[in-house]
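Welcome! Let us walk through this structure together, a few helices and loops at a time.

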Amino acid sequence: MNIKVCGIASLKQLKQLDGLNIDYAGLIFYKDSPRYMGEKISKEELKNADFDIKKVGVFVNPEMIDVLDAIDEYGLDAVQLHGDESPEMCEDICSEVEVIKAFRIGNDKDINIDKLVEPYDAVCDYYLFDTAVKNGEPGGTGQQFDWSLLGKSRIEKPFFLSGGISLEDAAKIKAFKHSDFYAIDINSKFEKEPGVKDMALILQFLQALKK
């Protein structure tokens, strides 16, 4: 199972996650987020860091030039688009790096997820399903949507499961079945404060998933 830890705001913690063999680290470029990385990690340090972990820039309704500049200046391996970005924007960015298109899912039992993702099927590498929240805040709400809604959908693209996942959800994650389930995305439930992860808790979570 692949694991993404989102909301990283220090090079030290990025290095620690790399040491734990975490697959993806989310770096939030959305200025209204309490986990906005800003200048907390320098462009040079991040671009030149020799890590195996994939560096994912998280954006909400960005300008294309800002995304392209961040890819180049920070050496991003992937981009997560967490707003209402068009398929055309996804396609353009996909020519540069891997693209994770996020969708905010409520608990509407009648939602047609296959129809929701269809316009993006050919223009991104992964989907991410997260809790429906206001103002596009990427993660950190501590809430979950009804995962069974995904079980009713074909999806047919590798997807990340996100939204309020905690240590107590390890058994639930192991029991969740879908042919395209690719990774989990954790954030606020593994923090000491916004942007500061509890590495001991993350390690406990990794161990719980292996049991």
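In which loop does I155 lie? I155 sits in the loop between α6 (148-151) and β7 (159-161). Helices (H or I, at least four residues) and strands (E, at least two) are DSSP runs, numbered from the N terminus.

Before going on, a word on the model: it is predicted, local features need pLDDT of at least 70, side-chain atom pairs count only at pLDDT 80 or more, and totals for chains, interfaces and linings use all residues. Residues are numbered from 1 along each chain as its sequence is written, and side-chain values use heavy atoms, with hydrogens and water left out.

**Positive phi angles**

Phi of I155 is near 65°, a positive value in a residue other than glycine. N61, also not a glycine, has a positive phi of about 50°. This residue, N61, is found in the loop between β3 (54-59) and α3. Are these two residues buried or exposed? Here, buried means under 20% relative accessible area, exposed over 50%, and partly exposed in between (1.4 Å probe, protein chains only). I155 is buried, with a relative accessible area of 4%, whereas N61 is partly exposed at 45%. Two further positive phi values come just after helices: N21 follows α1, and G75 follows α3.

| Residue | Place | Phi |
|---|---|---|
| I155 | loop between α6 and β7 | near 65° |
| N61 | loop between β3 and α3 | about 50° |
| N21 | just after α1 | about 65° |
| G75 | just after α3 | about 65° |

**Helix α1**

Now look at α1, residues 11-19, which includes Q16. Its buried residues are Q13, L14, L17 and D18. Seen down the axis of α1, they fall within an arc of 145°, so they line one face of the helix; the arc is that of the directions from the helix axis to the C-beta atoms. An α-helix has 3.6 residues a turn, so residues three or four places apart point the same way. K12, K15 and G19 are exposed on the other side of α1, while Q16 is partly exposed, with a relative accessible area of 31%. The partners of the buried residues of α1 are β1 (2-6), β2 (24-28), α2 (43-48), β10 (196-197) and α8 (199-210), where contact means heavy atoms within 4.5 Å.

**Helices α3 and α4**

In α3 (64-74), the buried residues are V67, A70, I71 and Y74. They cover an arc of only 105° around the axis, which puts them on the same side of α3. These residues pack against α2, β3, β4 and α4.

Helix α4 (residues 87-94) has P87, M89, C90 and I93 buried. An arc of only 160° around the axis holds them, which puts them on the same side of α4. Their packing partners are α3, β4 (78-81) and β5 (98-105).

How do α3 and α4 meet? They pack at an angle of about 25°, with their axes 11 Å apart; axes are lines fitted to C-alpha atoms, for helices over the stretch in contact, and angles run from 0 to 180 degrees between N-to-C directions. The two helices are therefore roughly parallel to each other, a label for angles under 35 degrees. At this contact, M64, V67 and I71 in α3 meet M89, D92 and I93 in α4.

Finally, to link two of these helices, the C-alpha atoms of Q16 and P87 are separated by 35 Å, and the two residues are 71 residues apart along the chain.

Conventions:
Parallel < 35°, antiparallel > 145°, perpendicular 65-115°, else oblique.
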